[in-house]
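Visitor: I am new to this structure. Please choose a single part and take me through it closely.

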Amino acid sequence: MNSFCKVWINGKEMEVDPERKLLDVLRNDCKCKSVKDGCSEGACGTCTVLIDGKAVKACVQKMGRLEGKRILTVEGFSQWEKEVSHS
Ligand code: FES
């Protein structure tokens, strides 16, 4: 079993401890502050990100289940995506 799992966060390849939670990696390693910790139990949705294009709550995702996945936060949006999301 690998001691790290490989994911892509906002287009950047990363290797992380599979036991860590996605929300922790996003906020503390990637400095993605658009992703908030509102309840830590999958109820409020303030931690929602896109994983392979699907909306998922980051606070209930362990990195070990995300091997090979592409994770996108608001910080990884293109300029056009940022503009249309604010209109
Ligand atoms: S922090 Fe509330 S659903 Fe994730």
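Guide: Start with a term. A residue is buried if 20 or more other C-beta atoms lie within 10 Å of its own, exposed if 12 or fewer, and partly exposed in between; the C-beta atoms are placed from the backbone. Helices (H or I, at least four residues) and strands (E, at least two) are DSSP runs, numbered from the N terminus. This is a predicted model: local features need pLDDT of at least 70, side-chain atom pairs count only at pLDDT 80 or more, and totals for chains, interfaces and linings use all residues. Residues are numbered from 1 along each chain as its sequence is written.

The part to look at is helix α1. First, its setting. The protein chain has 2 helices and 5 strands. Along the sequence they follow the pattern β-β-α-β-β-β-α. Of the 87 residues, 22% count as buried. The C-alpha trace spans about 45 × 25 × 20 Å along its principal axes.

Now the helix. An α-helix has 3.6 residues a turn, so residues three or four places apart point the same way. In α1, the buried residues are L22, L23, V25 and L26. These four lie on the same side of α1, because they cover an arc of only 165° around the axis. The arc is that of the directions from the helix axis to the C-beta atoms. N28 and D29 are on the other side of α1, and they are exposed. Just after the helix, K31 takes a positive phi of about 55°.

What does the buried side meet? Here contact means that the C-beta atoms of two residues, placed from the backbone, lie within 7 Å. The buried residues of α1 pack against β1, β2 and β3 (48-51). Three α1 residues also meet A58: leaving aside neighbours within four places in sequence, A58 is in contact with L22, L23, L26, V35, C47 and V49. Next to A58 in number is C59, in the loop between β4 and β5 (70-72). C59 is buried, with 24 other C-beta atoms within 10 Å. Residues up to four places away aside, C59 touches K21, L23, D37, S40, E41, G42 and C47. So L23 is among the contacts of A58 and among those of C59.

These contacts lead to the core. A nonpolar core is a set of buried Ala, Val, Leu, Ile, Met, Phe, Trp, Tyr and Cys residues joined through C-beta atoms within 7 Å. The largest one has 16 residues, and those with the most contacts inside it are V7, L22, L23, L26, V35, A58 and M63. Two elements give two or more residues to this core: β1 (5-9) and α1 (22-29). The helix α1 gives the most, with 4 residues.

Turn to β1, the other contributor. In a regular strand the side chains alternate between the two faces of the sheet. Along β1, C5, V7 and I9 point to one face and are buried, while K6 and W8 point to the other and are not.

The sheet around β1 comes next. Two strands pair if DSSP finds at least two bridges between them. The 5 strands form an open sheet, ordered β2-β1-β5-β3-β4, with mixed pairing. β2 (12-16) and β4 (54-57) stand at the edges with a single partner strand each, so one side of each is left without a neighbour in the sheet. From one strand to the next, the twist averages 40°. For that angle, axes are lines fitted to C-alpha atoms, for helices over the stretch in contact, and angles run from 0 to 180 degrees between N-to-C directions.

On one side, 5 bridges join β1 to β2, which run antiparallel. C5 has V16 as its bridge partner in β2, K6 has E15 and V7 has M14. The two strands form a hairpin with 2 residues between them, and N10 in the turn has a positive phi of about 50°. β2 is hardly covered: among its 5 residues, 0 are buried. On the other side, 2 bridges join β1 to β5, which run parallel. There I9 stands opposite I71.

For contrast, go to the other helix, α2 (residues 79-85), which holds W80. W80 is exposed, with 8 other C-beta atoms within 10 Å. From V7 to W80 the C-alpha distance is 24 Å, with their places 73 residues apart in sequence.
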